[in-house]
Amino acid sequence: ADCARTVEVEHSLHVELLAAFGLDRDEARRAGAAPTTVGYASYLLRVCHLGTFPEALGAIVPCYWIYARVGEALLKQSSPDPLYAWWIETYGGEHYQETVAGVLDLLDEVAATLPETDRARLCEHALTTARYEWLFWDAAWRRESWPI
């Protein structure tokens, strides 16, 4: 239930941020996804569709965890820009932090029951998506687009 609520909140945040920047959802969709976004989303979908529940959980957790840590760190100083402050409050706020703590607890519980080879696959997916998170943020910073 918390995860579903998190997805709802995140979706509405994205729609409202697009509007604040003068874009609507249809314009954003027409712009298309950058290469890193396509690769990251494709990887997540593949793992969630073809992998086991623990593998899917391992692949998804870095996004939750990284946003929580970034939001938590930025919350201490926030931002004078209301749009940035809003993003920071969403991911640094208590509700999101509690949701992530629950997801991490679930990850610990699941990982503790796995044989070593399955735990290694979970960790491999978590490492890959943590790397994709870095690439995703870097792609936004560089305003990545398709070269052709």
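This account of a predicted model moves from its largest nonpolar core to a helix pair and then to two residues with an unusual backbone angle.

The largest nonpolar core has 17 residues, and among these Val61, Trp87, Tyr96 and Val100 touch the most other members. Two or more residues of this core come from each of helix 4 (53-75), helix 5 (82-92) and helix 6 (94-112), and it is helix 6 that gives the most, with six residues.

Helix 4 and helix 6 also form a pair, with axes that come within 9 Å and cross at roughly 145 degrees, in a crossing that is left-handed. On the side of helix 4 the contact includes Phe53, Leu57, Val61, Tyr64, Ala68 and Glu72, while helix 6 contributes residues including Tyr96, Val100, Val103, Leu107 and Val110. Sorted by class, this contact of helix 4 with helix 6 holds 16 nonpolar, three polar and two charged residues.

Turning to the backbone, most residues other than glycine have a negative phi. Serine 78, which lies in the loop between helix 4 and helix 5, has instead a positive phi near 50 degrees, and serine 78 is described as partly exposed because its relative accessible area is 33%, between the limits of 20% and 50%. Arginine 143, found in the segment after helix 7 (116-142), is likewise not a glycine and has a positive phi of about 55 degrees. With a relative accessible area of 75%, arginine 143 is over the 50% limit and therefore counts as exposed.

Definitions and conventions:
Residues numbered from 1 in each chain as written. Predicted model: local features only at pLDDT ≥ 70, side-chain atom pairs only at ≥ 80, totals over all residues. Heavy atoms only, no water. Core = buried A, V, L, I, M, F, W, Y, C linked by side-chain atoms within 4.5 Å. Buried < 20%, exposed > 50% of the residue type's maximum accessible area, 1.4 Å probe, protein only. Helix = DSSP H or I, 4+ residues; strand = E, 2+ residues; numbered from the N terminus. Axes fitted to C-alpha atoms, helices over the stretch in contact; angles between N-to-C directions. Left-handed = near helix turned anticlockwise from the far one by under 90°. Contact = heavy atoms within 4.5 Å. Nonpolar A, V, L, I, M, F, W, Y, C, P; charged D, E, K, R; others polar.
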